[in-house]
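Subject: Structure handover

Hello,

Here is the structure I said I would pass on. Please look through it before reading the notes underneath.

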Amino acid sequence: QVQLVDSGGGLVQAGGSLRLACVASGRTFSNYFMTWFRQAPGKDREFVAAVSGSGSNTYYKDSVKGRFTISRDNAKNTVYLQMNGLKPEDTAIYYCAASTVVPGRGDYWGQGTQVTVSS
């Protein structure tokens, strides 16, 4: 089992940047695909980005490609989501998740961090 703690959310103006972090504890971090999901008010949770255990493969939702970058530091048991060019429609609670099965799946979840983008 792995425990995840998300951080880094906040209030930012449109066009601004934030970097989210998710620190993992428990099992071997590099064994896990790590994924960021988000859930906006009144909407279903959706996939945002994922990274393979080694960090060599990344996957993105189309609407964030070119603006968001997912990365990981296995020595620090941490996955990051650098978000640039933020838009009001990026407003949501962002959750990191871990799975040993496939990217884009969440078997273990962080508590979430709120991102609010003002226009």
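The notes below go from the whole chain to single residues.

Please keep in mind that this is a predicted model.

Overall fold

The protein has 11 strands and zero helices. Read from the N terminus, the order of elements is therefore β-β-β-β-β-β-β-β-β-β-β. The radius of gyration is 13 Å, close to the 14 Å that the globule rule gives for 119 residues, so the protein is as compact as a globular protein of that length. The C-alpha trace spans about 40 × 25 × 25 Å along its principal axes.

Of the 119 residues, 41% count as buried. The accessible surface comes to about 5,900 Å², and carbon and sulfur atoms account for 46% of that. Taking contacts between residues at least 6 apart in sequence, 54% join residues at least 24 apart. As for charge, there are 12 positive and 8 negative charges, and their mean positions are 3 Å apart.

Phe29 and Asn77

Phe29 lies in the loop between strand E3 (18-26) and strand E4 (33-39). Its relative accessible area is 3%, under the 20% limit, so Phe29 counts as buried. Not counting residues up to four places away in sequence, Phe29 touches Ala24, Met34, Arg72, Asp73, Asn74, Asn77, Thr78 and Val79. From Phe29 to Cys96 the C-alpha distance is 13 Å, with their positions 67 residues apart in sequence.

Asn77, one of the residues that Phe29 touches, is in the loop between strand E7 (68-73) and strand E8 (78-83). Asn77 has a relative accessibility of 25% and counts as partly exposed. Its backbone is worth a look: Asn77 has a positive phi of about 55° although it is not a glycine. Most residues other than glycine have a negative phi.

Ser52

Ser52 is in the loop between strand E5 (46-51) and strand E6 (58-60). With a relative accessible area of 6%, Ser52 is buried. Its side chain reaches the backbone nitrogen of Ser56 at 3.4 Å. Beyond four places in sequence, Ser52 touches Tyr32, Phe33, Asn57 and Arg72. Arg72 is also among the residues touched by Phe29.

Strand E11: Thr113 and Val117

Thr113 is found in strand E11 (residues 113-118), and Val117 lies in strand E11 as well. Thr113 is buried at 11% relative accessibility, and Val117 is buried at 6%.

The side chain of Thr113 reaches the backbone nitrogen of Gly9 at 3.0 Å. Leaving aside neighbours within four places in sequence, Thr113 is in contact with Asp6, Ser7, Gly8, Gly9, Leu20, Ala92, Ile93 and Tyr94. On the same basis, the contacts of Val117 are Val12, Gln13, Ala14, Leu86, Lys87, Pro88, Asp90 and Thr91. Val117 and Ala24 are 93 residues apart along the chain, and their C-alpha atoms are separated by 26 Å. Ala24 is one of the residues that Phe29 touches.

Regards

Technical notes. Residues numbered from 1 in each chain as written. Predicted model: local features only at pLDDT ≥ 70, side-chain atom pairs only at ≥ 80, totals over all residues. Heavy atoms only, no water. Helix = DSSP H or I, 4+ residues; strand = E, 2+ residues; numbered from the N terminus. Rg over C-alpha atoms; globule rule 2.2 N^0.38 Å. Buried < 20%, exposed > 50% of the residue type's maximum accessible area, 1.4 Å probe, protein only. Contact = heavy atoms within 4.5 Å. Areas by Shrake-Rupley, 256 points an atom, 1.4 Å probe, with all protein chains shown as cover. Lys, Arg positive; Asp, Glu negative; His and termini not counted. Charge placed at Lys NZ, Arg CZ, Asp CG, Glu CD. Polar contact = N/O pair within 3.5 Å; in protein donor to acceptor, adjacent residues only side chain to side chain.
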